[in-house]
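User: I'm new to this and would like a close look at how the aromatic rings pair up here. Could you walk me through that part?

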Amino acid sequence: MDIVRTATDWARFEMLSAAAFLAFGLAFTLAGLGFRQFGTTDMARAYPVPMLVAGGLLLILGVGLFFPAQARLAAVPTAFGSDPVGFVAAEIARADKVLNDYRIAVFRVFPLVVALCALAIPFLDTALWRAGLITAIAMVTVLILIDSNANARLSAFRQQLALAEGSGRP
């Protein structure tokens, strides 16, 4: 088993997730600008600000994930070459922490946010509140989709690391 290849593949997939966040951020931003330009109803005119905020947040998230993943991609061969056993142990610890974070945020908190936003929509009369809640639901759904995919990839990476650690030769 080639741990360096496995770790670099995982870093590339993280860069792909970052690119997906960037693409969705751009889509939300363009949608917000489209609502601003072409919105004729009260509801359509309420969407630009929430969509631009969500787009900005997704763009920031994408950039914030892209550059560390790119740095990790370049650092993997050096880190593994200097201390293979320490590298595998550090990657397992990091993977366990991130998997725990996903378990809490993506599979508990995010669905709760979607449910609360959906429950609040009928009780709020203003178009801005409704547009904000609908945009929040859409943005959190994007987060769930991308992060649940990343969670599955990270679980597979963690299993490969455990196999390498258990075999005694990383």
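Analyst: Here is a walk through the ring pairs, followed by a short stop at a surface patch. This is a predicted model, where local features need pLDDT of at least 70, side-chain atom pairs count only at pLDDT 80 or more, and totals for chains, interfaces and linings use all residues. Residues are numbered from 1 along each chain as its sequence is written, and side-chain values use heavy atoms, with hydrogens and water left out.

The structure has four aromatic pairs (rings of Phe, Tyr and Trp, the last by its six-membered ring, with centres within 6.5 Å; planes under 30 degrees apart are stacked, over 60 edge-to-face, the rest tilted). One of them is F35 with Y47: the ring centres sit 4.8 Å apart and the planes meet at 20°, so this pair is stacked. It ties together distant parts of the chain, since F35 belongs to helix α1 (residues 3-38) and Y47 to the loop between α2 (42-46) and α3 (48-82), 12 residues apart. Helices here are DSSP runs of H or I, at least four residues, numbered from the N terminus.

How covered are these rings? Y47 is buried at 12% relative accessible area, while F35 is partly exposed at 30% (buried is under 20%, exposed over 50%, partly exposed in between, with a 1.4 Å probe and protein chains only). Another pair is F66 and F67, with centres 5.5 Å apart and planes at 85°, so this one is edge-to-face. F66 is partly exposed, at 24% relative accessibility.

Back on helix α1 you'll find L33, which is partly exposed too, at 41%.

Definitions and conventions: Helix = DSSP H or I, 4+ residues; strand = E, 2+ residues; numbered from the N terminus.
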